[in-house]
Amino acid sequence: MAICSAHTITSLHSPCTTFTNTGFGQKQVIFFTSNRKGGRRHGGARSCFQVSCSVDKPVVIGLAADSGCGKSTFMRRLTSVFGGAASPPKGGNPDSNTLISDTTTVICLDDYHSLDRNGRKEEGVTALDPRANNFDLMYEQVKAIKEGKAIEKPIYNHVTGLLDPPELIQPPKIFVIEGLHPMFDERVRDLLDFSIYLDISDDVKFAWKIQRDMAERGHSLESIKASIEARKPDFDAFIDPQKQYADAVIEVLPTQLIPDDNEGKVLRVKLIQKEGVKNFDPVYLFDEGSSISWVPCGRKLTCSYPGIKFAYGPDTYYGHEVSVVEMDGAFDRLDELIYVESHLSNLSTKFYGEVTQQMLKHADFPGSNNGTGLFQTIIGLKIRDLYEQIIAERAGTPAEAAKV
Amino acid sequence: MASSSIVSLVYATALPAGAVNGAGQPPSSVRPWCHDRARRQQRLVAAAVKRRYKGTARKEAALAELIERKVAEAMEVCDGHEKEEGCRVAWDEVEEVSQAKAHLRRRLAEAPDDPLEPFCAHNPDAEDCAVVYVDD
């Protein structure tokens, strides 16, 4: 929904000139009328009507994740909630990390590396180190997008390890910045309307990386383990502290239902939601503010081993008040999903069964049968709700919006 | 351009190759593959092998070779100097390239069989995409 304002421009002697593109992403329509019928007393005054519609200023979301950019399942679920499939920009660099759909654009913060692979080798810094990233450029460009201007964003090519020529990004409705440092710089943090941190515990990370890399010839169990261990100090020093700034944290831990489980097939996932965030009402189970422990499997619902266990309660996280919803176990059947969904509240769904529908739509994505998929989908719906609230707010104050 | 998938029977140990099952259940067995049991678990896995462009196959091979090289490099640099920054940077490079390979694998797995499909989705007016109805 664009906010348009129309006003007349009267010029006495010169004809109406067309305004060239101001480069601010504004679409302008000029109606030219000339006053020819009689009454030319005032020296041929012509009036032009100028209607200018400004592109909506986007809602900016930040996602901190270690699993690569724009490729993660979370992003695909998020863009699917908004509708439309996200794909890399057409006709551009094939190694671009950007994902564009009708409503959403996801950019990878690796594009703001100030040092390419060789540079980092020379300096002796990993990609996790803030010294390898250009936070000034990141701040400038996110600010520009937030104001509704198009940006020329650099591209970091993960295959060659070089910085490629920039690509043009138009401001979308929802702008997601995904990467290792979305909340590291304070200025960028202030621009975010909502921020999420994906916290994977070490055991689960190990299991996932093995699944990802064991098929490769060059890798072995030892190399994968060494790789994780070597990155850990930088990760703990620079990336982990961003947890405290996130509005929502999805924590993935090994299950407690199966003793000594190291396969990592069943997961325990916690959704930690900060209280008091604008336009965000945390999801709860049964009764907001109380502590609940819930096993849905029983007489009404039969689950297979190891079953499902839920917990909900208020807590403190790095000094903030939070509400935590936790799920341990895996979904086996459709009716388990819908049963669970019908008992969760404040999901921001538009119809009954929307969460289940979204989960089924992407049943082939990893995590579709456990808390990772469930909470990622729920966060996606929450972001949609946040977006609609912000837009409604802006529409409620058109004078303010038209000023910009 | 006939790009139909051909089914080939492939013997595989515990984990299937990424091209087939890139989006399967994420956390899987952590058993070391050199374990005795792995040999007993060798089973026939029917894998649908997609046809690839020469360039794609070359890119895949180049990335795989790059991973091998980087891992060897990292092992060498870290030999004895585990805590040094050189070691950390080397393993970070390995991680970066592994991520790139995983991304490529997934992209290929999700690619439509007909390369004309995505082209026509964006250029319905192109000559190659014209649909002609013949009334006989």
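Colleague: How many aromatic pairs are there over all chains?
Modeller: The count comes to six over all chains, where rings of Phe, Tyr and Trp (its six-membered ring) pair if their centres lie within 6.5 Å, with planes under 30 degrees apart called stacked, over 60 edge-to-face and the rest tilted. This is a predicted model, where local features need pLDDT of at least 70, side-chain atom pairs count only at pLDDT 80 or more, and totals for chains, interfaces and linings use all residues. Residues are numbered from 1 along each chain as its sequence is written, chains are lettered from A and ligands numbered from 1 in the order in which they are written, and side-chain values use heavy atoms, leaving out hydrogens and water.

Colleague: OK, what kind of pair do Trp294(A) and Phe310(A) form?
Modeller: A tilted one, at 5.5 Å centre to centre with 45° between the planes. Trp294(A) lies in strand 14 of chain A and Phe310(A) in strand 15, so the pair ties together parts 16 residues apart in sequence. Strands here are DSSP runs of E with at least two residues, helices are runs of H or I with at least four, and both are numbered from the N terminus.

Colleague: Is Phe310(A) buried or exposed?
Modeller: Phe310(A) counts as buried, because its relative accessibility is 1%. The cut-offs are under 20% relative accessible area for buried, over 50% for exposed and partly exposed in between, using a 1.4 Å probe and protein chains only.

Colleague: And what about Trp294(A) with Tyr339(A), which type is that?
Modeller: That pair is stacked, 6.4 Å centre to centre and 25° between the planes. Tyr339(A) sits in helix 7 (residues 334-343) of chain A and Trp294(A) in strand 14, so this pair links parts 45 residues apart in sequence. Both Trp294(A) and Tyr339(A) are buried.

Colleague: Which residues make up the aromatic cluster?
Modeller: Phe286(A), Trp294(A), Phe310(A) and Tyr339(A) form one cluster.

Colleague: Switching to backbone oddities. Where's the cis peptide bond?
Modeller: Between Tyr305(A) and Pro306(A), with omega about 0°. Pro306(A) is in the loop between strand 14 and strand 15 (308-317) of chain A.

Colleague: What's the phi of Tyr318(A)?
Modeller: Near 50°, so to speak on the positive side for a residue other than glycine. Tyr318(A) lies in the loop between strand 15 and strand 16 (320-329) of chain A, and counts as partly exposed because its relative accessibility is 48%.

Colleague: And Asn346(A), where does that one lie?
Modeller: In the loop between strand 17 (344-345) and helix 8 (354-361) of chain A. Asn346(A) has a positive phi of about 65° although it is not a glycine.

Colleague: How many residues of helix 1 in chain A are buried?
Modeller: Ten of its ten, so to call helix 1 (residues 73-82) mostly covered is fair. Gly83(A) follows helix 1, with a positive phi near 95°.

Colleague: Last one, what's the pattern of chain B along the sequence?
Modeller: Chain B reads β-α-α-β-α-α-α, with five helices and two strands. Of its 136 residues, 30% count as buried.
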